Amino acid sequence: MGSPLSGGTLGFAQRLQDIRHGFERPFWVANISELFERLSYYAAFASLARYLNESLGFPAQDASSLTGVFGGLVWFMAAFGGAVADRLGFRRALSLAYLILSSSYFLLGSLGASWMVPVRGAVPLGALVVFLLMLPALGVALVKPAVVGTTARASKENVRTIGYSIYYTLVNIGGAAGPFVASYVHRHMSVENVFRVAAVSVFAMFFAVLLLFKEPRREGDAPPPSLVETGKNFLTVISNPKFMLFLIIFTGYWVVYWQEFITLPLYVVKYIDPKADTELLLMTGPLVVISLTVLLNLATQKIASMKAVTLGTLISSLAWIVLVFKPTVTGVIITLVCVALGEIVQSPRYYEYISRLAPAGQQGTYMGFAFLPIGLGSIIGGWFGGKLMHHFGEVKHQPTGMLWTIIGVGLLTAVLLWVYDRMLSAGRGGQTNG
């Protein structure tokens with residue numbers, strides 16, 4: 001009895017020792033800074049639609065479209081941000097990113113300030129907002145590859161998998177903390193100050209990187225791709241019709257998913273409870289992801305990757321039925337829980353599927369552009385959700401029609417994914433891509 005226990009204890013102690021000595025300081029600096037970057041991003045995202053609508057006076061339709069732009073541009077620029085970060089070096093890329101982010105969040109939250117009157121008089125408010133919403137995308141596009149690259153370079157081989165788990169966990173903690181911070185600041189100060197707090201958060205990371213981050217280096221690293229090479233990679237991707245068709249179809253999932261940040265806050269305060277704390281409600285999804293990802297991934301690991309992607313899309317789409325029949329704050333929470341369950345089921349399998357779909361030797365290129373549906377879904381989702389809110393809410397006064405339309409888009413996406421998989425399997429002689 002004593003021997004197995006002793007061996008298990010020694011094994012656990014050895015694993016802790018590996019973790020303790022397996023990561024260089026840049027790993028911890030970069031990943032902790034990523035937590036604060038995510039906190040700032042999701043705090044701003046959680047409050048943005050209401051800020052644009054209630055404080056700056058944009059109609060709900062325009063506020064939704066602009067919020068979609070904020071969420072979408074990040075993922076478009078991420079494909080090229082990696083090449084820029086590699087060229088600059090991770091230390092300079094992170095420093096520049098956090099300086100850009102702190103400036104843009106501060107200016108975004110100061111649009112209504114008296115000292116901004118001359119600027120607002122010289123530049124149309126819409127154009128000014130679009131410009132300020134583009135800047136955070138540039139900053140985040142530099143942060144992502146720099147942190148992931150640092151995680152690879154500053155982790156020993158035997159703990160690298162754990163390193164990525166730590167990265168993913170901290171990202172989700174930041175995603176949950178952001179709406180909580182936004183809720184607290186909105187209730188106790190003002191919605192404008194949400195963006196200023198976000199600015200302070202990333203500005204602190206600017207100094208943390210300058211003072212504590214040392215450029216990690218590894219012998220034998222492949223030379224970084226140039227922007228020209230990245231552009232060629234983009235042409236390689238779009239010249240594959242099967243892959244592009246899949247990305248276009250899967251964009252429908254993100255059109256549905258992003259409604260929780262883009263239109264749901266406006267929907268809740270206009271048609272469910274005007275006093276609802278929408279920022280706090282948006283903590284639901286990240287908390288579910290943190291709590292249940294490992295469990296659900298174990299439960300669904302034997303399902304073929306494409307079937308898991310389709311199933312996740314179906315779950316996230318049907319989730320909105322709850323809000324149709326239970327238009328209460330409790331109904332919102334249940335809806336967000338179900339949307340998150342769909343995300344957990346599909347997300348890891350989506351990347352697995354793309355890695356299998358990519359031609360041999362081109363997995364890296366294809367994975368780099370796997371983010372495009374996320375960005376496209378946010379931009380289309382912002383425009384589409386705004387149109388739905390205006391048509392069903394303000395014109396027809398039947399706001400649940402908006403929810404049914406969102407559900408319909410999700411169901412259509414799931415059907416198209418199923419048809420796509422069947423056609424691909426038929427083309428391969430009935431073999432499934434798993």
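Here are a few exercises with worked solutions on the predicted model shown above.

**Exercise 1. Getting the lay of the chain**

Work out what the chain is built from and how much of it is buried.

*Solution.* Start with secondary structure: the chain has 20 helices and zero strands. Next, burial: of the 434 residues, 52% are buried. Then look at how the contacts are spread along the sequence. Take the contacts between residues at least 6 apart in sequence, and 84% of them turn out to join residues at least 24 apart. Finish with the surface: about 18900 Å² is accessible, and carbon and sulfur atoms account for 68% of that.

**Exercise 2. Deciding where to trust the model**

Find where in the chain confidence is lowest and where it is highest.

*Solution.* Begin with the overall picture: mean pLDDT is 84, with 87% of residues at 70 or more. Now go helix by helix. Helix H1 (residues 2-22) sits at the bottom with a mean of 60, while helix H16 (residues 320-325) comes out on top at 96. Zoom in on the start of the chain: residues 1-5 stay under 50, and the model gives them zero contacts beyond four places in sequence. Low pLDDT is a sign that predicted coordinates should not be read in detail. So how should you treat such a stretch? Leave the fine detail alone wherever pLDDT is low.

**Exercise 3. The cavity**

Describe the largest cavity: its volume, its lining and the helices behind that lining.

*Solution.* First, count: there is one cavity of 30 Å³ or more. Its volume is about 30 Å³. Second, list the lining, which consists of Leu 264, Pro 265, Val 268, Thr 278, Leu 281, Leu 282, Val 332 and Leu 336. Third, map those residues onto elements: helix H12 (264-271), helix H13 (278-281) and helix H17 (329-357) each give two or more. H12 provides the largest share, three residues. Last, sort by chemistry, and you get seven nonpolar residues, one polar and no charged.

**Exercise 4. The second largest pocket**

Do the same for the second largest pocket, and say which helix gives the largest share of its lining.

*Solution.* The space inside comes to about 180 Å³. Around it you'll find Ser 165, Tyr 168, Thr 169, Asn 172, Val 289, Ile 290, Ser 291, Thr 293 and Val 294. Two or more of these residues come from each of helix H7 (160-188) and helix H14 (284-299). H14 takes the largest share with five residues. The chemistry splits into four nonpolar and five polar, with no charged residues.

**Exercise 5. Three serines**

Classify Ser 183, Ser 110 and Ser 190 as buried, partly exposed or exposed.

*Solution.* Take Ser 183, which sits in helix H7. Its relative accessible area is 1%, so Ser 183 is buried. Beyond its neighbours within four places in sequence, Ser 183 is in contact with Asp 277, Glu 279 and Leu 280.

Move on to Ser 110, in the loop between helix H4 (90-109) and helix H5 (117-122). Ser 110 counts as buried because its relative accessibility is 1%. Setting aside residues up to four places away in sequence, Ser 110 touches Tyr 51, Trp 115, Met 116 and Arg 196.

That leaves Ser 190, in the loop between H7 and helix H8 (191-212). Buried means under 20%, and Ser 190 has 21% relative accessibility, so it counts as partly exposed. For a sense of place, Ser 190 and Ser 55 are 135 residues apart in sequence but 9.9 Å apart in space, C-alpha to C-alpha.

**Exercise 6. Two small residues**

Locate Gly 89 and Ala 199, and decide whether each is buried or exposed.

*Solution.* Gly 89 lies in the loop between helix H3 (60-88) and H4. With a relative accessible area of 6%, Gly 89 is buried. Check a partner from elsewhere in the chain: the C-alpha atoms of Gly 89 and Glu 215 are 7.2 Å apart, with their positions 126 residues apart along the chain.

Ala 199 belongs to helix H8. Its relative accessible area is 5%, so Ala 199 is buried too. Not counting residues up to four places away in sequence, Ala 199 touches Ser 102, Tyr 105 and Phe 106. Tyr 98 is 101 residues away from Ala 199 along the chain, and their C-alpha atoms are separated by 8.9 Å.

How values were computed: Residues numbered from 1 in each chain as written. Predicted model: local features only at pLDDT ≥ 70, side-chain atom pairs only at ≥ 80, totals over all residues. Heavy atoms only, no water. 1 Å grid on protein atoms, 1.4 Å probe; cavity = no way out; pocket = protein on both sides within 12 Å on 5 of 7 lines; lining within 4 Å. Points joined across faces, edges and corners; volume = space filled by probe spheres on them. Helix = DSSP H or I, 4+ residues; strand = E, 2+ residues; numbered from the N terminus. Nonpolar A, V, L, I, M, F, W, Y, C, P; charged D, E, K, R; others polar. Buried < 20%, exposed > 50% of the residue type's maximum accessible area, 1.4 Å probe, protein only. Contact = heavy atoms within 4.5 Å. Areas by Shrake-Rupley, 256 points an atom, 1.4 Å probe, with all protein chains shown as cover. pLDDT = per-residue confidence, 0-100.
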